[in-house]
Amino acid sequence: MENCLFCKIIAGAIPSSKVYEDEKILAFRDIAPQAPIHVLVIPKTHIASVDEITAENSGIVAYIFENIPKIAKLAGIENGYRVISNCGKDACQTVPHLHFHILGGAQLSGQMC
Ligand code: 5GP
Ligand code: ZN
């Protein structure tokens with residue numbers, strides 16, 4: 001996707017602080033962290049949001065979750081973390097490329113919104 005910010009990060013056209021990368025996914029630190037440790041995990045294939053997950057492309061979602069425990073450890077998280085995916089306008093999704101926020105590194109709020 002030509003005009004997608006995260007596709008540009010995947011392509012290396014925009015630099016990022018990488019935590020983990022393989023042939024299917026990329027994990028990098030959020031530019032505006034909302035917790036002491038804040039990492040984004042994205043598929044290398046462009047999927048706009050959770051709304052666009054189908055039986056055909058859901059394998060990458062399982063793959064991301066298989067890798068999240070390892071990515072959290074690589075990022076320095078030790079005592080638990082929160083995984084969030086904002087989907088659409090009301091959830092304040094700002095980048096229309098599927099991503100999972102991993103938040104940790106401190107005691108998080110008991111509230112989710
Ligand atoms: P959303 O609001 O769509 O759930 O999350 C998008 C996230 O991408 C935000 O937390 C924002 O700080 C992060 N972000 C936006 N632009 C960049 C960028 O150029 N580099 C990095 N590393 N993160 C970005
Ligand atoms: Zn994209």
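1. A quick definition before anything else: a polar contact here is a pair of N or O atoms within 3.5 Å; within protein, one must be able to donate a hydrogen and the other to accept it, and residues adjacent in sequence count only if both atoms are side-chain atoms. By that rule, an oxygen atom of ligand 1 sits 2.9 Å from an N or O atom in the side chain of H99. Oxygen of ligand 1 also lies 2.7 Å from a polar backbone atom of T94 and 3.1 Å from one of V95. The protein covers 85% of the 520 Å² of accessible area that ligand 1 has on its own (Shrake-Rupley method, 1.4 Å probe).

2. Housekeeping: this is a predicted model, where local features need pLDDT of at least 70, side-chain atom pairs count only at pLDDT 80 or more, and totals for chains, interfaces and linings use all residues. Residues are numbered from 1 along each chain as written, chains are lettered from A and ligands numbered from 1 in written order, and side-chain values use heavy atoms, with hydrogens and water left out.

3. Back to H99: this residue counts as buried because its relative accessibility is 5% (buried means under 20%, 1.4 Å probe, protein chains only). The side chain of H99 also has a polar atom 2.6 Å from the backbone oxygen of H97.

4. H97 leads to the zinc ion (ligand 2), whose protein donors (N, O and S atoms within 2.8 Å of the metal, or 3.2 Å for Na, K and Ca) are C4 (SG), C7 (SG), H46 (ND1) and H97 (ND1), at 2.1 to 2.3 Å. The site is tetrahedral, with angles of 103 to 116° (four donors, all angles between 85 and 135 degrees). C4 and C7 are both buried.

Definitions and conventions. Tetrahedral: all angles 85-135°; square planar, octahedral: opposite > 155°, others 65-115°. Buried < 20%, exposed > 50% of the residue type's maximum accessible area, 1.4 Å probe, protein only.
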